[in-house]
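Welcome, and thanks for taking a look at this one. Below is a short briefing to read alongside the viewer, starting from a single side chain and working outwards.

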Amino acid sequence: MMHEIYESTPLPRRSLAAELTAELRRLIVEGHYRAGERLPTEMELMRRYGVGRSTVREAVRTLVEAGMLRVKQGSGTYVETWSDDDPVVRRMRQADHRHLDEVRRILETAVVRLAAERCTGREAEKIGRCLAYRDEAARSGSLAGAIEADIAFHSAVADATHNSILGELYRATAVYLERGFREHFEAAECFLASQPQHERLYRALLAHDADEAVRLTDDIVRESRIGCRKSRSRQ
């Protein structure tokens, strides 16, 4: 099958779970694994990427939580992603990154306001774990890991809205935002620089301070558009 040629090279020994998650997400987004298709077995993924069982399980768990994979007991893990036949998905695939930024700003503002009002202790714990992983990935210098952790953090915030439609809308947008992040951000240090703002956002969610959460989100989105971008002169 076409995707097998993309999966034969072991991943670098740095933030392995994040690197594997990012690679599997890329293969799904680019259509090498299609909706309804079964993922290779755990043992096969371990062999192809030269990683351990815990790394594979963490990557699969992250993508299950992101709504991109579904585990069927006794059958395997299947791709559960958005169809290319969906006109909204096709439009997002073709969209200018600036338009996705605008959608992100509008969507995340709505998300954090509801999350601040509805976030439970269990959801706050999950958001906190994602935030810690974001910091760890950025400090390790893994850009792919930092991007993945950032998306996981905001996806966990979307889940805290208790609105499944908002959660799916955010994830659908995040798939294409990730591509833009890879194109425009040059180093993990960019994510480390914005970590304090994300920590303040987390505290606002814990305090159920919706206005502060919205203000911080506006700052985060605005600064992500203007900071740490790849220099045009080097492209």
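Arg134 is a good place to begin: with a relative accessible area of 1%, this arginine is buried. Please keep in mind that the model is predicted. The bullets below start with the surroundings of Arg134 and then move on to the overall layout, the cores, the pocket and a few further residues.

**Around Arg134**
- Arg134 belongs to helix H6, and its relative accessible area of 1% falls below the 20% limit, so Arg134 counts as buried.
- A polar atom of the Arg134 side chain sits 2.9 Å from the backbone oxygen of Phe191.
- Leaving out residues up to four places away in sequence, Arg134 touches Ala149, Asp150, Phe191, Ser194, Gln195 and His198.
- Phe191 turns up again in the largest nonpolar core, where it is one of the residues with the most contacts.

**Overall layout**
- The chain contains 11 helices and two strands.
- Reading from the N terminus, the order of elements is α-α-α-β-β-α-α-α-α-α-α-α-α.
- Of the 235 residues in the chain, 49% count as buried.
- If you take the contacts between residues at least 6 apart in sequence, 74% of them join residues at least 24 apart.

**The nonpolar cores**
- The largest nonpolar core is made up of 38 residues, and those with the most contacts inside it are Ile127, Phe153, Val157, Phe191, Leu201, Leu205 and Ala213.
- Two or more residues of this core come from each of helices H5 (97–118), H6 (121–140), H7 (143–159), H8 (164–184), H9 (189–193), H10 (195–206) and H11 (210–226).
- Helix H7 gives the most to this core, with seven residues.
- Beyond its neighbours within four places in sequence, Leu201 is in contact with Val112, Phe153, Ala213, Leu216, Thr217 and Ile220.
- Another core, of 20 residues, lies apart from the largest one and includes Leu24, Leu27, Met46 and Val60.

**Helix H2 and its partners**
- Which residues are buried in helix H2 (residues 42–49)? They are Leu45, Met46, Arg48 and Tyr49.
- These buried residues of H2 pack against helix H1 (16–29) and helix H3 (53–65).
- Gly50, just after H2, takes a positive phi of about 65°.

**The largest pocket**
- The largest pocket holds about 370 Å³ of space.
- Its lining has 20 residues, of which Thr62, Glu65, Cys130, Tyr133 and Ala152 lie nearest the centre.
- Helices H1, H3, H6 and H7 each give two or more residues to the lining of this pocket.
- H7 gives the most to the lining, with six residues, and H7 is also the element that gives the most to the largest core.

**Cysteines**
- Cys119 is buried, with a relative accessible area of 9%.
- Cys130, which is among the residues nearest the centre of the largest pocket, counts as buried at 12% relative accessibility.
- The number of disulfides comes to zero, taking cysteine sulfur atoms within 2.5 Å as the criterion.

**Ala174 in helix H8**
- Ala174 has its place in helix H8, and because its relative accessibility is 2%, under the 20% limit, it counts as buried.
- Ala174 and Arg104 are 70 residues apart along the chain, and their C-alpha atoms are separated by 8.3 Å.

Conventions
Residues numbered from 1 in each chain as written. Predicted model: local features only at pLDDT ≥ 70, side-chain atom pairs only at ≥ 80, totals over all residues. Heavy atoms only, no water. Core = buried A, V, L, I, M, F, W, Y, C linked by side-chain atoms within 4.5 Å. Buried < 20%, exposed > 50% of the residue type's maximum accessible area, 1.4 Å probe, protein only. Helix = DSSP H or I, 4+ residues; strand = E, 2+ residues; numbered from the N terminus. Contact = heavy atoms within 4.5 Å. Polar contact = N/O pair within 3.5 Å; in protein donor to acceptor, adjacent residues only side chain to side chain. 1 Å grid on protein atoms, 1.4 Å probe; cavity = no way out; pocket = protein on both sides within 12 Å on 5 of 7 lines; lining within 4 Å. Points joined across faces, edges and corners; volume = space filled by probe spheres on them.
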